[in-house]
Every structure is written in structure tokens, then in C-alpha cells.
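Biologist: I am new to this structure and would like a close look at one part, the nonpolar interior. Please take me through that part slowly, with the terms explained.

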Amino acid sequence: MNASPSAAALTRVPAPPRAVLVIEDSALIRERLVELVHSCEGFRVTAQADTEAGALAALREQAFDAVVVDLQLREGSGFGVLQALQRLQPRPLTLVLTNTATRAVRLRCAALGAEHFFDKSYEFDHVALALQALREPAPPDKTP
């Protein structure tokens, strides 16, 4: 008997890339973020915004797997975006990337549901690590 794999098993279709929204007022930093996200296997920036209103419009138009939020925007604030994200179900992975990395701001972002908080000055590349962790399956719960 010949046990060869079926044609369907041989033509595994890769999962579609996970959608990421990048919210950043600086065009240069936004471009760097897009490159960083695209360097992560399985992720694509599918929308960008530089204002709170633009970010909220993008969130109404499309579902995202992850959102990278700057707090200081051209108009509005990243805090308004974080508040809107609290109402989404399912909620995308929320990463704050900011130059305003004080303890008080970090705590406020956590209270608004941000899973990650990074200082742009020295934790920029941590965005990629957080996205890669989203790709990895969670280890099984070994609680008896």
C-alpha cells in the first residue's frame, strides 16, 4: 500500500498576515514603524493615522490584530484612541510607543488597557518582539 500525502496536505495555505494599525504623527517614525512591522513574519500594516480622528476612522473601517499608538498626535491624543480601543471586541493587541514615558503616563495607559508600553528613545525595536509574541501559541496551562 502506498501512503502518500494528499494534494490538499501538500498545498498548505499560509495564514493571512495579521493586520496592524500604526498611529504616529511623525512621518519619519511612522515609516520606520511600518518597516519594522513588515519585518515581522506574518504582520502587515494595513492602515496608518497621524491624528486621533484618523485612527478612530480606521478602527471603524477595519478590524486589527494589533495597534501601535503614539500618545502625542498631530491632532487629538493617543489617550482618546486607547479609550476607543477599550470598547472593541475582540480588542486588538495594544502597544503604546511614546517619548512621554513617565511612570504616571505608563500607569494611565495600563489602566486604559494597553498591554505594552515602550519608550521610543530606547525600546523602539521592542514593538517587533511584542508582535512576534502574538504569533507564538500560548504554552499550555500546566495547573493541576
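Modeller: What follows describes the nonpolar cores and a residue that belongs to the account of one of them. This is a predicted model, in which local features need pLDDT of at least 70 and side-chain atom pairs count only at pLDDT 80 or more, while totals for chains, interfaces and linings use all residues. Residues are numbered from 1 along each chain as its sequence is written, and side-chain values use heavy atoms, with hydrogens and water left out.

A nonpolar core here is a set of buried Ala, Val, Leu, Ile, Met, Phe, Trp, Tyr and Cys residues joined through side-chain atoms within 4.5 Å, where buried means under 20% relative accessible area with a 1.4 Å probe, protein chains only. The largest such core has 23 residues, and Leu82 and Cys109 have the most contacts inside it. At least two residues of this core come from each of strand S1 (18–23), strand S2 (43–49), helix H3 (52–61), strand S3 (66–69), helix H4 (78–86) and helix H5 (103–111), helices being DSSP runs of H or I with at least four residues and strands runs of E with at least two, numbered from the N terminus. H4 gives the most to this core, with 4 residues.

Leaving out residues up to four places away in sequence, Cys109 touches Leu71, Phe79, Leu82, Val96, Ala114 and Phe117, contact meaning heavy atoms within 4.5 Å. There is also a second, separate core of 21 residues, with Val22, Leu97, Phe118 and Ala128 among them. In soluble globular proteins, nonpolar side chains tend to be buried together.

Phe79 also has arginine 108 over its face, at 3.8 Å from the ring centre; a charge sits over a ring if NZ of Lys or CZ of Arg is within 6 Å of the ring centre and within 35 degrees of the ring normal.

Key
Buried < 20%, exposed > 50% of the residue type's maximum accessible area, 1.4 Å probe, protein only.
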